[in-house]
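Grab your favourite viewer and work through a few exercises on this model. Try each task yourself before you read its solution.

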Amino acid sequence: MASRSTQILEAAARVIARRGVRGLRVEELAAEAGVSTGLIYYHFKDRTGILRHTLEFINDRAERYTTERDPEAEPLTAREELDEVLLLELQDTPEVRENSSAWGELRASAVFDPILREDLARATLVWVQEVAALLGQVQPMAPAATLAAAAERLTALLEGLSMRWLSGGLAIEHARALLREAVEVELTALRKP
């Protein structure tokens with residue numbers, strides 16, 4: 001059984017995905033999580049604490065569903081791992097839909113919230129660095145700045161494709177095809193001296 005704080009964070013991700021950050025009310029969160037408002041304040045102190053921990057929670061959850069593999073499976077090549085980590089962000093599962101929706105809502109709210117903006121910038125930087133490291137495994141001779149720029153473009157594209165897919169503007173298979181093409185374009189550019 002999940003801990004109370006995890007239960008609250010799961011509920012917070014659901015509420016944010018459904019209603020947005022501005023629609024997050026502690027009373028509704030308590031009802032969704034099946035806990036008292038006092039317990040929420042005990043674990044997270046205030047609304048900012050809830051948002052910060054929810055951002056961390058959805059990052060951890062995304063890390064899990066994009067990197068968890070069957071220990072019995074054959075190891076992936078560096079290119080396969082890169083493709084898999086990126087494409088697993090475009091899965092039509094409730095968990096990925098909820099995570100991606102909550103991430104988009106947190107990003108939109110960060111425009112008006114300096115504390116959330118800093119946390120989101122930090123989380124985005126970590127994601128970009130992780131993708132740059134994967135690109136570097138595929139193209140180890142590429143300069144670090146070039147890898148970082150390619151990772152920045154791919155993660156930004158992935159966020160945009162995800163929002164278009166979630167809002168019905170793109171079919172998921174088309175979004176995945178566009179992402180595959182972009183990865184190929186970036187890797188081709190990284191091969192050039």
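Below are five exercises, each followed by a worked solution.

A quick note before you start: this is a predicted model, in which local features need pLDDT of at least 70, side-chain atom pairs count only at pLDDT 80 or more, and totals for chains, interfaces and linings use all residues. Residues are numbered from 1 along each chain as its sequence is written, and side-chain values use heavy atoms, with hydrogens and water left out.

**Exercise 1. Work out how helix H8 is oriented relative to helix H9, and which residues meet**.

Step 1: find the helices, which are DSSP runs (H or I, at least four residues) numbered from the N terminus. H8 covers residues 144-166 and H9 covers residues 172-191.

Step 2: take the axes, lines fitted to C-alpha atoms over the stretch in contact, with angles from 0 to 180 degrees between N-to-C directions. They come within 10 Å and cross at roughly 170°. So H8 is roughly antiparallel to H9 (the cut-off is over 145 degrees).

Step 3: list the contacts (heavy atoms within 4.5 Å). On the H8 side they include Leu147, Leu154, Leu161 and Trp165, and on the H9 side they include Ile172, Leu179, Val183 and Leu190.

Step 4: sort by class. The H8 and H9 contact has 14 nonpolar, one polar and two charged residues (Ala, Val, Leu, Ile, Met, Phe, Trp, Tyr, Cys and Pro count as nonpolar, Asp, Glu, Lys and Arg as charged, and the others, Gly among them, as polar).

**Exercise 2. Compare the environments of Ile172 and Glu184, both placed in H9**.

Step 1: check accessibility (buried is under 20% relative accessible area, exposed over 50%, partly exposed in between, with a 1.4 Å probe and protein chains only). Ile172 is buried at 18%, while Glu184 is partly exposed at 32%.

Step 2: look for partners beyond four places in sequence. Ile172 is in contact with Leu90, Gln91, Asp92 and Trp165, whereas Glu184 touches Arg79 and Arg191.

Step 3: try a distance. The C-alpha atoms of Glu184 and Val128 lie 17 Å apart, with their positions 56 residues apart in sequence.

**Exercise 3. Check the span of helix H6 and find what its buried residues pack against**.

Step 1: H6 runs over residues 94-110, 17 residues in total, and reaches 24 Å from its first C-alpha to its last. That is close to the 24 Å expected (1.5 Å times one less than the number of residues).

Step 2: its buried residues include Val96, Trp103, Leu106 and Ser109. They pack against helix H1 (4-19), H4, helix H7 (114-138) and H8.

Step 3: zoom in on Ser109, buried at a relative accessible area of 14%. Leaving aside neighbours within four places in sequence, Ser109 is in contact with Val21 and Leu116.

**Exercise 4. Do the same for H4**.

Step 1: the 21 residues of H4 should span 30 Å, and the end C-alpha atoms are 30 Å apart, so the two agree.

Step 2: among the buried residues are Ile50, Leu51, Phe57, Arg61 and Tyr65. Their cover includes H1, helix H2 (26-33), H3, helix H5 (78-87), H6 and H7.

**Exercise 5. What is notable about the phi of Lys45, and where does this residue sit?**

Step 1: Lys45 has a positive phi of about 70° although it is not a glycine.

Step 2: Lys45 sits in the loop between helix H3 (37-44) and helix H4 (47-67), and is exposed, at 63% relative accessible area.

Technical notes: Helix = DSSP H or I, 4+ residues; strand = E, 2+ residues; numbered from the N terminus. Parallel < 35°, antiparallel > 145°, perpendicular 65-115°, else oblique.
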